[in-house]
Amino acid sequence: MEREYDIIVWGASGFTGRLVVDYMASQPGASNFKWAVAGRNVNKVRSVLGDRDIPVVQADSHDDASIHALAQKARVILTTVGPYARYGSSLVAACAQHGTHYCDLTGEVHWMRDMITAHQETAKASGARIVHTCGFDSIPSELGVYFLQRHMLATHGVPAKQIKYRPMAFSGGFSGGTIDSMMAMMESAKEDKGIFKRLADPYVLNDTMRGLDGPDRMSAYFDEDLDAWVGPFVMASVNTRVVRRSAELLNGMYGSDFQYNEATPTGKGAKGFLGAAGVGLGSGAFAGMASFGPTRSLLQRFLPKPGEGPTEEAINNGYYDIELFGQHPTDASKNARVRVKGDKDPGYGSTSKMIAESAFALAQDDLPVGGGFWTPASAMGDALLQRLPQSAGVTFEVIEG
Ligand SMILES: NC(=O)c1ccc[n+]([C@@H]2O[C@H](COP(=O)([O-])OP(=O)(O)OC[C@H]3O[C@@H](n4cnc5c(N)ncnc54)[C@H](OP(=O)(O)O)[C@@H]3O)[C@@H](O)[C@H]2O)c1
């Protein structure tokens, strides 16, 4: 595929886009690949580049011709222009049509389903690899599961039948773009009841495979394996769907009766129970307020606006430490426990590195898949297990089993 650029970063003037540009420009090989940045307002994009000499491309989601031109200029488009359901559909369609690889940071599951259904056959035919969720949702989940299953297969010859993802510690914040995307999803779901139905379906991203997992658990429960109470995890409704799609796309690597869930551990005893119940109530209250017009407007007045986000200090001091527990199908002594750790704020400092490495993998690595809608693990599992520890401060280790 001969193109003017290897990679274009669209949304470079946004909060996350700026961090992606900083990371890509800081890479030792930055001058060895051809890349450009893009946005709807060229002057605004130039202002975030400072004195860095990086070509700028103009593209606005409301101008279809500019989106087709963008998709034809590069081998890979990395986009941080969100909410994706509002601004992203024409780019996905154009990339699928022109055989351009694509990665994004969406967590809008109903929109991903729509994009897969609408453009899967076109992407397969053109050779475009389309990969959603290349940030904190859902790379630590995706690659943590892929790493654990690789370990189980290499050590015991069978995959874990169930994996539980438990964030043990993390520090991070939210940007206005993320809040806007969550609110936009709630607003659309109010108008189209089918969206709620799709969001509630644990296998909504699977094409044919259904498994044993039920709806997300929204209340506190005691996790025997962890010997602790757990409550809901904020990103579970996205990550679990993506991991289950990987179970389908990886052709049986995770087994036919694979189960997966995510929850937040809060400790033992009454304190642990109250903590888990509090997480459940807090998530329920936020979802309730976000789905009702007047309270949604009230929330929006106090939360960060598009373009805003955590301070540089908060981003640099952020971190995450996640454990995944894998159950051997028949022998508990062969269970495995894996740790995924990342430096910097998960949603921004770490996310910007993960999506940039995803774009590098799509542009430079020998990947095992052709055109179509893939997940991070199914398209780039081995490539990212190499790249992330080397360059992006994300590590994977077996701590038991
Ligand atoms: N999955 C994750 O872990 C993760 C982490 C971080 C962010 N995200 C997602 O990433 C997205 C961006 O977040 P953010 O905080 O960076 O948002 P942001 O600061 O609001 O940036 C949005 C970007 O989109 C651009 N844009 C808006 N409308 C456009 C249009 N019509 N055509 C072209 N460009 C347009 C904006 O351009 P202007 O500067 O000209 O306004 C800006 O560059 C959100 O959907 C968020 O949920 C996900």
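User: Where is Thr133 placed?

Analyst: In this predicted model, Thr133 sits in the loop between β6 and α7.

User: What makes the phi of Thr133 worth a remark?

Analyst: Its phi is near 55°, a positive value, and the residue is not a glycine. Most residues other than glycine have a negative phi.

User: Which residue does a cis peptide bond join to Ser138, and where is Ser138?

Analyst: The partner is Asp137, with omega about 15°. Ser138 has its place in the loop between β6 (129–131) and α7 (139–156). A second cis peptide bond joins Gly82 and Pro83, with omega about 0°. Pro83 is found in the loop between β4 (74–79) and α4. Most peptide bonds are trans.

User: Why is the pair formed by Gly14 and the ligand called a polar contact?

Analyst: A backbone N or O atom of Gly14 lies 3.0 Å from an oxygen atom of the ligand. The cut-off for a pair of N or O atoms is 3.5 Å, so this pair counts as a polar contact.

User: What makes Gly11 and Ser61 count as well?

Analyst: For Gly11, a polar backbone atom is 3.4 Å from an oxygen atom of the ligand, within the 3.5 Å limit, so the pair counts. For Ser61, an N or O atom of the side chain is 2.9 Å from a nitrogen atom of the ligand, and this pair therefore counts too.

User: How much of the ligand does the protein cover?

Analyst: On its own the ligand has 940 Å² of accessible area, and the protein covers 93% of it.

User: Which residues and elements surround the ligand?

Analyst: There are 31 surrounding residues, and the closest are Ser13, Arg40, Lys44, Ser175 and Ser181. The elements giving two or more residues to the shell are α1 (15–26), α4 (84–87), α8 (176–191) and α14 (346–364). By class, the shell has 11 nonpolar, 16 polar and four charged residues.

User: How do you know that both domains take part in the shell?

Analyst: Domain 1 (5–136 + 352–381) and domain 2 (139–346 + 393–400) each give at least three residues to the shell around the ligand.

User: What makes domain 1 and domain 2 count as being in contact?

Analyst: Contact requires heavy atoms within 4.5 Å, and 29 residues of domain 1 meet this limit with 41 residues of domain 2, so the two are in contact. About 2900 Å² is buried between the domains, 67% of it on carbon and sulfur atoms. Phe15, His110 and Phe136 supply 27% of the area that domain 1 buries against domain 2, more than any other three residues.

Conventions: Residues numbered from 1 in each chain as written. Predicted model: local features only at pLDDT ≥ 70, side-chain atom pairs only at ≥ 80, totals over all residues. Heavy atoms only, no water. Near = heavy atom within 4 Å. Polar contact = N/O pair within 3.5 Å; in protein donor to acceptor, adjacent residues only side chain to side chain. Areas by Shrake-Rupley, 256 points an atom, 1.4 Å probe, with all protein chains shown as cover. Helix = DSSP H or I, 4+ residues; strand = E, 2+ residues; numbered from the N terminus. Nonpolar A, V, L, I, M, F, W, Y, C, P; charged D, E, K, R; others polar. Domains from an automatic or database assignment. Buried area = accessible area lost by both parts, 1.4 Å probe.
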